Amino acid sequence: MEYLSQAGGLILDWQVLVTILAGTAIGLVVGALPGLGSVVAVTVVLPFTFSMDTVPSIALLVAVYCSSVFGGSFTAVLLNTPGTPQSAATVLDGYAMTRAGKGDLALGWVAGGSLVGGLVSTVVLVLLAPQLAAVALRFGPIETFGLICLALTCISGVSGKNILLGWIGGSIGLMLGSVGVDPLSGQTRFTFGSFAVSSGIEIVPVLVGLFAISEVIYRLNESEASRAAANIVPGFKLAPMKEWLLRWKTLVSGSVIGSAVGALPGTGAATAAFISYAAAKRFGRFRNDIGKGEPEGIVASETANNAVTGGALVPTLALGIPGDPVTAVMMTALIIQGIQPGTRLFVDTPELVYATFLLLILANLAMFLSAGVFSRVFSRIVSFPQPIQLSIIVVLSVVGSYGVRGNVFDLWVMMMAGAVGYLCRIASIPIAPIVIGMVLGPFLEQNLRQGLILTRGSFWAFFSSPIAAVLIGGAAVIILTSVLFLVRDWVKGKPSVVDTQVASFLSRQEQSDGKRR
């Protein structure tokens, strides 16, 4: 209690409170712009911390970190344009709710889920930081490979009845993620002699193209009635408490998954969001409606990706090992301030550690309170006439895709991904598996290669680790279950997934031709 009271005295200062509010606003805006994200947001404000005292500088970094993860969901819900890869899972149900005229509720679910995930991860950080740090040390490349394998099984969950097509999309994503320089040998691969491709295919242009540009093309070709129905002004509205209580299991599971994944160095919020989404798809109360505009899908994604913020600080503060690129930048700021993260931090300056915990709580509360204001600001975009809306989407997409690396090639990738996304939409082929494969693919390959080096090329030695064996076994069970469902449908004589999609596509084309006549 003594350290807690000292920490309270450190943060109860007008400079600290103003810094939190300013950092929250900066993070929300930067996070909402496609292609920027948390790393850019924290890096932008890093120089300002050099001339600030220790506690205000930590307050600024923590506020920007938390709110930038949340900010990417604004455009994801309203414009079908994920601001960051972390919010890609939020698109699946968030934008569907906006199209159904429930954009205000969707933003309320996003804000509430983000708050719960952030607060739970802070509690976990306070109570279990040393213990979680010890567990994180047991996760080497082999164990992380098992975790990524389990995460990839969420492809089956987000593919609905199109499991086979989902696997194909996931395989395409894995292939795209492997283009460029080999992470170990340094040799280029799958570049076909093109220098522009040698640096790899960036995830942001693909993400923006699949969701945002395909949305522009789709809306340009939809009927006038559909356009009128989509032109709705969402505000900000919280669902009744009983609705939240019906989804309490997903709130808890998403927060726990996000905190645990965040504590593992090198994983990230996108991985946590997709794992949590897959868990809700399989075990959630409203699992049959997830992917069709069900709030439980939003809750699963948002609690997890925001819980990562507290979880990622576990190895950073307790071990001096950054949990992700953002905490690496934050650790740099602490070192510049004369603070060395690690085991001695809890012994030498415990009041500063507790102050960081309290700042996390304040940052999450400020993020939630600011959500109402910023939601209404971003919501005005949806009230604009459709030509202006689509122009804004295109401008944001171009700026975001080009701004990541300043490479014109990324704009071509964005446009090609947009064409592919549009074709997938009209053929009812799931897009999310492609994104999941691209997001998780590099992590999968890197840890597999490192694990094979440790085991001298023996994949079977992976099962000597109990943690990896359980995770890989769980992934195998999920895949086997999906295969059995496919075989069952084939034995019963149900039409194949491809036949169903072709028939659906031809039917829509006939209806479209009839309307033109």
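Which residues are linked with Arg189 in a network of salt bridges? The legends below take up that question along with several other close-ups of this predicted model.

**Figure 1. Overview of the predicted chain.** Before zooming in, here is the whole model, which is a prediction. The secondary structure comes to 23 helices and two strands. The chain has 517 residues, and buried ones make up 53% of them. Among contacts with a separation of 6 or more, 77% are between residues 24 or more positions apart.

**Figure 2. Arg189, Glu445 and Arg449 are linked by salt bridges.** Here is the reply to the opening question: Arg189 is linked with Glu445 and Arg449 in a network of salt bridges. As a reminder for this view, side chains of opposite charge can pair when their charged atoms come close. Start with Arg189 and Glu445, whose closest N and O atoms are 2.5 Å apart. This pair links distant parts of the chain, with Arg189 in strand β2 (residues 188-189), Glu445 in helix α21 (residues 432-454), and their positions 256 residues apart. Both of these partners are buried. For Glu445, the relative accessible area is 16%, and under 20% counts as buried. Now turn to Arg449, which forms a salt bridge with Glu445 through N and O atoms that are 3.2 Å apart at their closest. Arg449 and Glu445 are four residues apart in helix α21, so about one helical turn separates them. With 24% relative accessibility, Arg449 counts as partly exposed.

**Figure 3. Arg247 and Glu243 form a salt bridge.** By the rule used here, the count comes to four salt bridges, and this close-up shows the one between Arg247 and Glu243. The closest N and O atoms of the two side chains are 3.0 Å apart. Are Arg247 and Glu243 buried or partly exposed? Arg247 counts as buried because its relative accessibility is 4%. Glu243, in contrast, has a relative accessible area of 25% and is therefore partly exposed.

**Figure 4. Helices α10 and α20 pack against each other.** This view brings together α10 (residues 203-221) and α20 (residues 409-426), whose axes are 6 Å apart. The packing angle is about 55°, so the two helices are oblique to each other. The crossing in which α10 passes α20 is right-handed. On the α10 side, the residues in contact include Pro205, Val206, Val208, Leu210, Phe211, Ile213, Ile217 and Tyr218. Their counterparts in α20 include Val413, Met414, Ala417, Val420, Tyr422 and Ile426. Gly209 of α10 and Gly418 and Gly421 of α20 also take part, as do Glu215 of α10 and Asp410 and Arg425 of α20. Sorted by class, this contact has 14 nonpolar, five polar and three charged residues.

**Figure 5. Helix α14 meets helix α15.** In this close-up, α14 (residues 269-283) and α15 (residues 295-318) cross at roughly 145°, and their axes come within 8 Å. The crossing is right-handed. From α14, the contact takes in Ala269, Ala272, Ala273, Ser276, Tyr277 and Ala280. From α15, the residues are Gly297, Ala300, Ser301, Ala304, Asn305 and Val308. What classes of residue make up this contact? There are eight nonpolar and four polar residues, and no charged ones.

**Figure 6. Helix α14 also packs with helix α5.** Staying with α14, this view adds α5 (residues 88-99), with the two axes 8 Å apart and an angle of about 45°. The pair is therefore oblique. Ala88, Ala89, Leu92 and Asp93 of α5 make the contact with Ala273, Phe274 and Tyr277 of α14. By class, the contact has six nonpolar residues, no polar ones and one charged.

**Figure 7. Phe443 and Ala461, two partly exposed residues.** Phe443 is found in helix α21, and its relative accessible area of 25% makes it partly exposed. How far is the C-alpha atom of Phe443 from that of Thr144? The separation is 8.5 Å, although the two residues are 299 residues apart along the chain. Ala461 has its place in the loop between α21 and α22 (466-491). With 24% relative accessibility, Ala461 counts as partly exposed. Ala461 and Gly451 are 10 residues apart along the chain, and 9.2 Å separates their C-alpha atoms.

Note on methods: Residues numbered from 1 in each chain as written. Predicted model: local features only at pLDDT ≥ 70, side-chain atom pairs only at ≥ 80, totals over all residues. Heavy atoms only, no water. Axes fitted to C-alpha atoms, helices over the stretch in contact; angles between N-to-C directions. Parallel < 35°, antiparallel > 145°, perpendicular 65-115°, else oblique. Left-handed = near helix turned anticlockwise from the far one by under 90°. Contact = heavy atoms within 4.5 Å. Nonpolar A, V, L, I, M, F, W, Y, C, P; charged D, E, K, R; others polar. Buried < 20%, exposed > 50% of the residue type's maximum accessible area, 1.4 Å probe, protein only.
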